[in-house]
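This report covers helix packing, one sheet and salt bridges. The model it describes is predicted.

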Amino acid sequence: MLTAKNSDLSQTQTVAVLASGVIGGLAYTFSDTFWFSAVEAEVYASSSLFTAIVFWAILKWEDSADQKYANRWLILIAYMMGLSIGVHLLNLLTIPALVFVYYFKKYEVNKKGIIFSFLTAVAILGFIMYGIIPGAVNLASKFELMFVNGFGMPFNSGLFVYLFLLAGGLAFGIYYTHKKAKVLLNTIILGVTVILIGYSSFTIIVIRSIAETPMNENQPDNVFALLSYLNREQYGDRPLMFGNQFNSQYEYDREGNVISEKNYTYIKEGDKYKKIEKTNPSYSYDPKYVTFFPRMYSKSKDHISAYLSWTGTTKSDFLNAKTDNEGNILRDNSGEIVYNYNSPKRMPSLGENLKFFFKYQVGHMYFRYFMWNFAGRQNDSQSYGGTLKGNWISGIPFIDSITAGPQNNLPDKVKNEKSRNKYYFLPLLLGLLGLMFSLTRNEKIFTVIGLLFFFTGIAIVMYLNQTPFQPRERDYAYAGSFYAFAIWIGLGVLALYETLRTKTAAKNAVIIAFAVTIPVPTVLAVQNWDDHDRSGRYTARDFAKNYLNSCEKNAILFTYGDNDTFPLWYVQETEEFRTDVKVVNLSLLGTDWYINQMRRQAYDSKPIPFKMDRKAYRQGTRDAIYMLEDQSKFIEEKYNANSEKFIGMYNHLYDNLITVLESSKYPETQKKEFEKLKSKTQKLSIVQLISIIKKISEPVVIAQLELDKDFTDKLVRSSGDFLEKVASSYLPLDVAMDFVASDKKTTKLRPDTPDEMDYIPSKSLCIKVDKKNVLASGKFTDEEIKKFEPYVRWKLSKRYLMKNDMAVLEILARNNWERPVYFATSVGSDNYMGLTKYFRLEGFAYRLIPYKNTTAEVGAINTDVLYENVMTKFSWGRMNQDDVLIENYNRRVMSVMDIKETFSLLAKSLMLEDKKEKAEEVLDRCVELMPDKKVPFDYNMISIIEGYYKLEKFDKANAILETTCKNYGQSLKYYRGFSKTEIVSVLRERGIAETVINQLSKIAEAYDQNELAERMRIYLM
């Protein structure tokens, strides 16, 4: 680009090239996405390293392509590709750029050659992604199945034969092509060989899995499990270039059943592999409803709403409204039309799919991230669209007002947000300059960088086909694309140098070009430093310890997502902290491999109590358990579990039976039986009692024994009422789980059919309380002990249970209160199994207790336990220190964990016990840990403010109230600068601000702070 062909660089040009590399390298180093990836315990920093090595190696090959042994660089690249597969697949997307470097060096460029090179690149990429990665393991699985099930040989014999044949075949191919001087074919076979050698790093996954380590996700300990692991089956599937849309209809057979293709895998059973059905069948869609390039494909109602919003359409465009028998349109309770999702009016058009693609998938989920790195970033709040969160900015107000709303009267919390980064377009402009320079000076270089930029950017967007409402920002997926643009930033330095060289001496041109462009990485470093510096912050570790310290010794702790589980795994595995606690992740508990792991000892934590046989919950078995009130079953068990409620009715019914029989001939004809019955020496079961009553109510028996018919009829009615009440009462959970685990036909719905289903025979369940075990496993006050109930009784509100729900119930049924059971406060309420009335808050976890909480809160509170945990045991990761960054993600975690609410509830409970000094200490600690400068005061402070007022600490309450109102008041002033069209995007936030200020003003008035209340209302004007 700087010299004529085959000419060497001058000393000045060499310095210019080095300066170019420094500027481009530093720009990428300090870019938002790469910096985040570099300090995150993730794969993307390593992935960037492999990308850099591969790109460097292909340039080394290009420089020496005509020399002997130059192809060694291609072999190195192939080996790096193989190794990178074990890190992340992103590096494979450099292949198109590599192919074109090879083509430009070895062949004369023409249109036909470009097309062929592009197709070759796609073929190589496809071969590795779909041939080598899953294909090699898939072929190994076929050998293994053939040798074990077919030839009756031991496990893994087929695998070893396959590996021997594969290695032998490759070795022969290398030897043969070398002897025959077939250079290209030899290079290809060598390349495949080293890719496989690099890819073999995956064997550590299998070895580790076989060792049964405490953390062993997916448990890929054989070729079949490894194949599922590599195919990422747990993440589901999505259409790419052809497939269904959100209102596509399934294809049905003649019987009205959805046509689907079952998927299978194999598990070890005895000395063979047993074929079992997977839980993810492939459904067929009616061909009329399948389209090209489907982007709006998810059937989630939330996703559908987002599709409509991004494309500017409505449900009525695609769906028919539901109607009653008279043709009237049905509406829900809020007056909204109810639409029939199974009756499409029309399919989204290609234009509408493209609109969603460009506006959301490209614009919001790629271009926004691109601008974060090279223009600036509004803040680090999760964005789903809208004005206030996660947009790109530049620092130039009139431009930023287009993407991020008016830039006048910005609230302090917005202006002072550390993640508000402004680069003034400097990296973008320098990169565009480099792009134009490469395009005009050397189209081949432009093409290579452009392919890298495209395939690691827009091509990924097309491949991922992301749905709306992603759980986190996904910019890290496009780090390779930003790497390519950083190369253009570097080339921008050369562009300036070349321009200046015509105006001044070459040495001066280098100095000026470097001096002019060094502000680009400098502004990136300065702006990004404060919101990427994680030094001194230990919140993830300490919060994990707090979860564990919320639990008594040998507890079982149910968690849910990655963020409240992975840190706990870390502190147990690495720091050996509270290894007595069994951490059970509910989102993984729906898999057989994870249940198996929970049934093993891990560290100092014993296996979970679990009676169910492994065959009962393996993949494809009991994935869903239906809820059915089958009142004909377990009458006696229900009576015994609820005997204190029914004993009076039973005795009354029994006495009436004796009375009826006494006035009949029964004592004469059946003297011994009557005496035995009357003396109650052999207690009748409920079934026996009801059977006798039914028997004597028969007309023949009434006549034979001369029974009082009216009395007998009345007795029959009473017994029917009694039986109905017992049948609808609470079923012992252990009995219910024995029923669920049984394979008897009597425990199935639709037995002897392909659609045989498992069910639980009652929604009303109970667990017997073992008082001795409860007291041995935790601290309870005398007042709490008095509240202990003989049974914990509750009702399940779900229509069906998933396997993880079933597993939770199985654990509770078999635990017998020997180990304390906790649910993390971050677990969604749907996973509490309806047991919230039996919860006690002990920090960041609710404990299952044997008495009902009668307050309006989710959990009861033992102030001694909670105070000790929150004020003494817990550590807080230096979250309130001035040198520590508390960014939006940390604040989000604190909100999910309900930290402020926990402090507030503790203070409230202490006040009820007249422990005012302790209550004030708790509130002070909460404000100390989360001051406004770290976690801006918002509506979560209302309970804290009220707490101070109740303690008559008016100065403290007023100070927090004023700060909170000021925060919201500044926001309201900012919103007033929005135009009529813009204000729609912040209506919710404006409503919250007005509501909070009003509420706080009323609270101030309630405690005679009238002047303050009036002053705060000014913010509403």
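## Helices α4 and α8

Leu74, Ile75, Ala78, Tyr79, Gly82, Leu83 and Ile85 are the residues of α4 that touch α8. On the α8 side, the contact is made by Thr187, Leu190, Gly191, Val194, Ile195, Ile197, Gly198 and Tyr199. By class, eleven residues of this contact are nonpolar and four are polar, with no charged residue.

Helix α4 spans residues 72-85 and helix α8 spans residues 183-199. Their axes lie 7 Å apart, at an angle of about 30°. Because angles under 35 degrees count as roughly parallel, α4 and α8 are described as roughly parallel to each other. The crossing of α4 and α8 is right-handed.

## Helices α5 and α6

A second helix pair is formed by α5 (residues 95-106) and α6 (residues 111-150), whose axes come within 9 Å and cross at roughly 140°. This angle makes α5 oblique to α6. The crossing of α5 and α6 is right-handed.

From α5, the contact residues are Ile95, Pro96, Val99, Phe100 and Tyr103. Helix α6 contributes Gly113, Ile114, Ser117, Phe118, Ala121, Ile124, Leu125 and Ile128. In the contact of α5 with α6, eleven residues are nonpolar, two are polar and none is charged.

## The six-stranded sheet

An open sheet with mixed pairing is built from six strands, in the order β12-β11-β20-β22-β21-β23. Strands β12 (582-585) and β23 (860-861) are at the edges; each has a single partner strand, so one side of each has no neighbour in the sheet.

At the β12 edge, the pairing is with β11 (residues 556-559), in the parallel sense and over four bridges. Within this pairing, Ile556 has Lys582 of β12 as its bridge partner.

## Salt bridges

Side chains of opposite charge can pair when their charged atoms come close. The structure holds 46 salt bridges. One salt bridge joins the side chains of Glu40 and Arg534, with an N to O distance of 2.8 Å.

Which parts of the chain does the pair of Glu40 and Arg534 link? Glu40 is in the loop between α2 (32-39) and α3 (44-64), whereas Arg534 is in the loop between α21 (519-532) and α22 (539-549). These are distant parts of the chain, with the two residues 494 residues apart.

Conventions
Residues are numbered from 1 along each chain as its sequence is written. This is a predicted model: local features need pLDDT of at least 70, side-chain atom pairs count only at pLDDT 80 or more; totals for chains, interfaces and linings use all residues. Side-chain values use heavy atoms; hydrogens and water are left out. Axes are lines fitted to C-alpha atoms, for helices over the stretch in contact, and angles run from 0 to 180 degrees between N-to-C directions. Angles under 35 degrees count as roughly parallel, over 145 as roughly antiparallel, 65 to 115 as roughly perpendicular and the rest as oblique. A crossing is left-handed if the near helix is turned anticlockwise from the far one by less than a right angle, and right-handed if clockwise. Contact means heavy atoms within 4.5 Å. Ala, Val, Leu, Ile, Met, Phe, Trp, Tyr, Cys and Pro count as nonpolar, Asp, Glu, Lys and Arg as charged, and the others, Gly among them, as polar. Two strands pair if DSSP finds at least two bridges between them. A salt bridge is a side-chain nitrogen of Lys or Arg within 4 Å of a carboxyl oxygen of Asp or Glu.
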